[in-house]
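Reader: Could you pick one part of this model and take me through it closely? I'd like to hear who pairs with whom, and what is buried or exposed along the way.

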Amino acid sequence: MSDPACKEQVVEVSPSDAVSRRTASWRGLAAEIIQANRRCRVDYHYHAPAPMLVFHERGVRREGCTVIEGLPKSTLQDCGRKLVFVPGGRKYHDWHEPRTLARAIFFYFNPCQFAAGPELELWLLSLAPRLFFESTVLTETALKLATLIESGGADNRRYLEALGIVLAHELVWINAGRCRAQAPANSGLATWQRRRAIAYIEEHLAEPVSLEVLAGLVRLSPCYFCRAFRRSFGMPPHRYQLRQRIERAKTLLAKRGASVTDIGATVGYHDASAFCTAFRKVTGVAPSTFRRNLG
């Protein structure tokens, strides 16, 4: 197993010689087991596009503070068996003067590489930051991954990949469970919320649309918004956007003023084969065939 792809994508530790690090990476996920080897102040910094989950297997600090950008700081002393989730793009800083030597497992997600469909990617990228929460399922999965990494589990790559997907799904499910408690079971979006969300999607049809941005426009949490959107439109927001891209492409194909490749780029597909695949999935035919059939 190899180290995480980019040095900048992993947590920075200072002083670096105060810990030992064991790393591994596979499709969709990279992981580090970080073990403190002496009692001194240790600082952890992270700021990268990839979401990060931290499992504090053990660790009691005499003094210290943990901060995720946008959340109040925590000075919790006994961090053992606690989890922290840092969304991509958020700054994370943890420092502590240990009472006991700490051991933690850092998981760096690359959702676009998961062989589990775009919904998991969208959910992972929309999760809110969380400081020091507990989950038996996440803990058990994290420990299984750590055991495999420490045993040099290169021969178990498929099992590692499967556990990585389980970890991501459980993280999403826990977050969704929190949101389910917020909302009545049958609630959809109000009329003004539907109009505002759809208008934004139409205006940014060819761009990646953040679930957090859409939810913020209608004053809802991301997971509540996604559930309400599905109830209102029968599909999640990202699938709605993909379908609207294809509808826009149909209109442009009928005008015959641009090539199939240019039309694909106009609706957000800069790779012609990706456009053809998406178009065929929705319509059952390739864009060129659709154009010919128009007569």
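**Salt bridges and their surroundings**

Author: Let's start with glutamate 32, which is buried, with just 3% relative accessibility. Keep in mind that this is a predicted model. What does the side chain of glutamate 32 meet? It meets the side chain of arginine 21 in a salt bridge, 2.8 Å from N to O. The two sit in distant parts of the chain, 11 residues apart: arginine 21 belongs to strand β2 (residues 19-26), and glutamate 32 to strand β3 (residues 29-36). Arginine 21 is partly exposed, at a relative accessible area of 36%. So one end of this salt bridge is buried, at glutamate 32, while the other end, arginine 21, is partly exposed. In total, the count of salt bridges comes to 10.

On to another of them. Arginine 41 pairs with aspartate 43, and their closest N and O atoms are 2.8 Å apart. Here arginine 41 is partly exposed at 38% relative accessibility, whereas aspartate 43 comes out at 12%. Buried or exposed, then? Since buried means under 20% relative accessible area, aspartate 43 counts as buried at its 12%.

Aspartate 43 is worth a longer look. Its place is in strand β4 (residues 42-46). What does the side chain of aspartate 43 reach besides arginine 41? There is a polar contact of 2.8 Å with the side chain of histidine 93, and the pairing with arginine 41 likewise shows up as a polar contact between side chains, at 2.8 Å. If you set aside the neighbours within four places in sequence, aspartate 43 is in contact with Glu12, Val13, Ser14, His93, Asp94 and Trp95.

Now step back one residue along strand β4, to valine 42. Valine 42 is buried, at 1% relative accessibility. Beyond its neighbours within four places in sequence, its contacts are Val13, Ser14, Pro15, Ala18, Val19, Asp94, Trp95 and His96. Compare that with the list for aspartate 43 and you'll spot Val13, Ser14, Asp94 and Trp95 in both. Valine 42 also gives you a handy ruler: its C-alpha atom is separated by 8.3 Å from that of proline 98, although the two are 56 residues apart along the chain.

Valine 86 makes a nice companion to valine 42. It lies in strand β7 (residues 82-86) and is buried, with a relative accessible area of 0%. Its contacts, leaving out neighbours within four places in sequence, are Tyr46, Pro51, Met52, Ile68 and Tyr92. One of these, Tyr46, falls within strand β4 (residues 42-46), where aspartate 43 is found. Alanine 48 is 38 residues apart from valine 86 along the chain, and their C-alpha atoms are separated by 9.7 Å.

One more pair takes us to the helices. Arginine 248 forms a salt bridge with glutamate 202, with 3.3 Å between the closest N and O atoms. This pair again links distant parts of the chain, 46 residues apart, with arginine 248 in helix α7 and glutamate 202 in helix α4 (residues 191-203). Arginine 248 is partly exposed at 35%, and glutamate 202 is partly exposed at 28%. Elsewhere, salt bridges that share partners join Glu57, Arg103 and Glu150 into one network.

Helix α7 itself runs over residues 237-255, 19 residues in all, and spans 28 Å from first C-alpha to last, close to the expected 27 Å. Which of its residues are buried? They are Pro237, His238, Tyr240, Gln241, Arg245, Ile246, Ala249 and Leu253. Right after α7 comes arginine 256, which has a positive phi, near 60°.

Pro237 leads on to phenylalanine 225, which touches it along with Leu189, Ala197, Leu211, Leu214, Ala215, Val218 and Leu220, not counting residues up to four places away in sequence. In the largest nonpolar core, which has 47 residues, the members that touch the most others are Leu53, Phe107, Phe109, Leu171 and Phe225. Another core, of 25 residues, lies apart from that one and includes Val11, Ala30, Val54 and Tyr108. As a general matter, nonpolar side chains tend to be buried together in soluble globular proteins.

Technical notes:
Residues are numbered from 1 along each chain as its sequence is written. This is a predicted model: local features need pLDDT of at least 70, side-chain atom pairs count only at pLDDT 80 or more; totals for chains, interfaces and linings use all residues. Side-chain values use heavy atoms; hydrogens and water are left out. Helices (H or I, at least four residues) and strands (E, at least two) are DSSP runs, numbered from the N terminus. The expected span of a helix is 1.5 Å times one less than its number of residues. Buried means under 20% relative accessible area, exposed over 50%, partly exposed in between (1.4 Å probe, protein chains only). A salt bridge is a side-chain nitrogen of Lys or Arg within 4 Å of a carboxyl oxygen of Asp or Glu. A nonpolar core is a set of buried Ala, Val, Leu, Ile, Met, Phe, Trp, Tyr and Cys residues joined through side-chain atoms within 4.5 Å. Contact means heavy atoms within 4.5 Å. A polar contact is a pair of N or O atoms within 3.5 Å; within protein, one must be able to donate a hydrogen and the other to accept it, and residues adjacent in sequence count only if both atoms are side-chain atoms.
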